[in-house]
Amino acid sequence: MTVEPAVPKEWNRSEGAKRDVLAGGIVVAAILLFVGTGSSVMQSVVRTIAGFGGGTDRVLATMLILNIALILFGWRRYDDLNREIRERTAAEKRARYLADTDPLTGYLNRRALLAQGQALIARAASEHRHVALFLLDLDHFKTVNDIHGHVAGDRVLQIAAERISAILPPSATKARLGGDEFVAMLVFEPAARPDIEALAGQLVTALEEPVPYDARRIRIGCSLGIALATEASATMETLVRQADIAMYHCKDEGRNRYIWFQTGMEMAVQVRNQIENGIREGMPRGEFIPYFEPQVDIASGRLIGFEMLMRWDSPEYGMILPERFIPVAEESGLIGELSLHVIREAMESAKAWDPAVSLAVNISPQQLKDPWFSQKLTKLLVETGFPASQLEVEITESSLFENLPLVRSIVTSLKNQGVSLALDDFGTGYSSLSHLRALPFDRIKIDRSFITAMRGSTDAQAIVVAIMRLSESLAMPITAEGVEDEATAIELTRLGCTKGQGWHYGRAMSADDTAAMLAERGLLRAPMLPAGGAEEPLRKTA
């Protein structure tokens, strides 16, 4: 917030100058009058005291006293004016500070950075030196506010600013652009680029350290993009945009790292923006639809359920696989709305399935940071009329490490509604037995990377065997992903795996194709008959 002085600077200066001249004039006039009359009056006083005169002239005496009073008044007024000018000058300086400074961190704000940064670029170019602009974005900061509150979020920002200041040299120009984005500008010799990279690495490492808050440790990190200015023609707007592009490239590469801007990155950002805009515009148009991948009993080949997969049926680009748009949806904060939108469509289709056929939905780690996720999913079950007992929610291992108490609260609430829970992509994350015991999972899903590598890798097979033995000890059945041939299915059956999915059993299908398959196998609920009729299931032998 910009704070302006109560009185414009120009008015202060002009009025102050007028008053200064007036007070000075009064003092000068009083001194001249004192000089003109004071000597005569003082001589008269001396003669009267010595007994040689008849006393001082009353008029002259009055003028002398008036002169002295005027001199004292003028001096007092002059001192008051000087004090007022000092106070107004301090107020103006304070106003300029508030107008240029982020109140939370004490760093420059965006407006001040753009002005001071441009001057820094020009000065560095005149000295034949370069300028590096760091743009740091704290990873998962929105989650901090959502889970711990905005007071905790403010504390995290202050700690981040302190760590940045502790690493960067005092000569660095530091600013907070807003939210959780920080900027630092450093002038360096062209040959000192390794030193700039070393500082960037130290910043990333420092911001990985958890932030203590209220007996908790809040984990953050940062993605850091670096832009380079080598000439005076470089503009701050361009540098900030380039560093921002590099920063988003960091996020795409896995976060917690730094990357220098390169020209080819701009095209990637344009594509990303097109995808994000497409998601926002495509949801209300119904372009995002569920596909269903069969899940079968490995021993008998009996169809027992489907996993919902998401597809983007774009009128411009055709059918787009989730690998293209899910990361953008997660990064832009759209994944929650998008996922629930498609899950609703899946439930509308699946409520016509036989009760023995389950629907599995994969939940993004970002959704498990939403304290209201359980209520939102329960609301979908009620609104669509889909039975909770037919729904299985798949949670990835990585979700367990962001905020285990919140995840426990969510999954417990879902279990209380009758929803089943599966731990997805098991073996690729960092799950421990304590997590499996602490959370009420019903099933473990082995990641497809181990299943597909099982025939050619003894290590992968050993991992699958170990997971099988673990599931037996915990009484949790196993689902194997990525079953692509008969030999893999036979081996999994020998190891005791009961449920599988993959190309060997069929690829993901549209809702219509899924309904047709279920109709052929007699696994659709019978439609309601008109009043007076009886409702009988229409089944065929599978």
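**Exercise 1. Two helices and their angle**

How do α15 and α16 lie relative to each other, oblique or roughly parallel?

Solution. The structure is a predicted model, in which local features need pLDDT of at least 70 and side-chain atom pairs count only at pLDDT 80 or more, whereas totals for chains, interfaces and linings use all residues. Residues are numbered from 1 along each chain as its sequence is written, and side-chain values use heavy atoms, with hydrogens and water left out.

Step 1: locate the elements, where helices (H or I, at least four residues) and strands (E, at least two) are DSSP runs numbered from the N terminus. Helix α15 covers residues 458-474 and helix α16 covers residues 486-495.

Step 2: take the axes, which are lines fitted to C-alpha atoms, for helices over the stretch in contact, with angles running from 0 to 180 degrees between N-to-C directions. The axes of α15 and α16 come within 10 Å and cross at roughly 40°.

Step 3: apply the classes, in which angles under 35 degrees count as roughly parallel, over 145 as roughly antiparallel, 65 to 115 as roughly perpendicular and the rest as oblique. The two helices α15 and α16 are therefore oblique to each other.

Step 4: add the handedness, which is left-handed if the near helix is turned anticlockwise from the far one by less than a right angle, and right-handed if clockwise. The crossing of α15 past α16 is right-handed.

Step 5: list the partners in contact (heavy atoms within 4.5 Å). From α15 come Q461, V464, V465, M468, R469 and E472, and these meet E491, L492, R494 and L495 of α16.

**Exercise 2. A second helix pair**

Classify the pair α11 and α12, and name the residues through which α11 and α12 make contact.

Solution. Step 1: helix α11 (residues 373-384) and helix α12 (residues 404-416) have axes that come within 9 Å and cross at roughly 25°. Step 2: this angle makes α11 roughly parallel to α12. Step 3: α11 passes α12 in a right-handed crossing, and the contact is built from F373, S374 and L377 on α11 with I410, S413 and L414 on α12.

**Exercise 3. The largest nonpolar core**

Which residues of the largest nonpolar core touch the most other members, and which helix gives the largest share?

Solution. Step 1: a nonpolar core is a set of buried Ala, Val, Leu, Ile, Met, Phe, Trp, Tyr and Cys residues joined through side-chain atoms within 4.5 Å, where buried means under 20% relative accessible area, exposed over 50% and partly exposed in between (1.4 Å probe, protein chains only).

Step 2: the largest such core has 76 residues, and those touching the most other members are I279, L359, L377, L391, V393 and L492. Its largest share, 8 residues, comes from helix α10 (residues 335-350). Apart from this core lies another one of 34 residues, among them A160, A192, L199 and I226.

Step 3: examine α10 itself, whose 16 residues reach 22 Å from first C-alpha to last, close to the 22 Å expected at 1.5 Å a residue (the expected span being 1.5 Å times one less than the number of residues). Its buried residues include I335, L338, V342, I343 and A346.

Step 4: follow I279, which touches F288, W312, F325, V328, A329, L334 and L338, not counting residues up to four places away in sequence.

**Exercise 4. Positive phi outside glycine**

Where do A215 and A475 lie, and is each buried or exposed?

Solution. Step 1: A215 has a positive phi of about 65° although it is not a glycine, and A215 is found in the loop between β4 (211-213) and β5 (216-218). With a relative accessible area of 88%, A215 is exposed.

Step 2: A475, likewise not a glycine, has a positive phi of about 60° and sits in the loop between α15 and β15 (478-480). A475 is exposed, with a relative accessible area of 67%.

**Exercise 5. A residue in a strand**

Is T396 buried or exposed, and what is T396 in contact with?

Solution. Step 1: T396 belongs to strand β12 (residues 391-396). Step 2: T396 has a relative accessible area of 12%, and is therefore buried. Step 3: leaving aside neighbours within four places in sequence, T396 is in contact with N362, P365, L423, D424 and D425.
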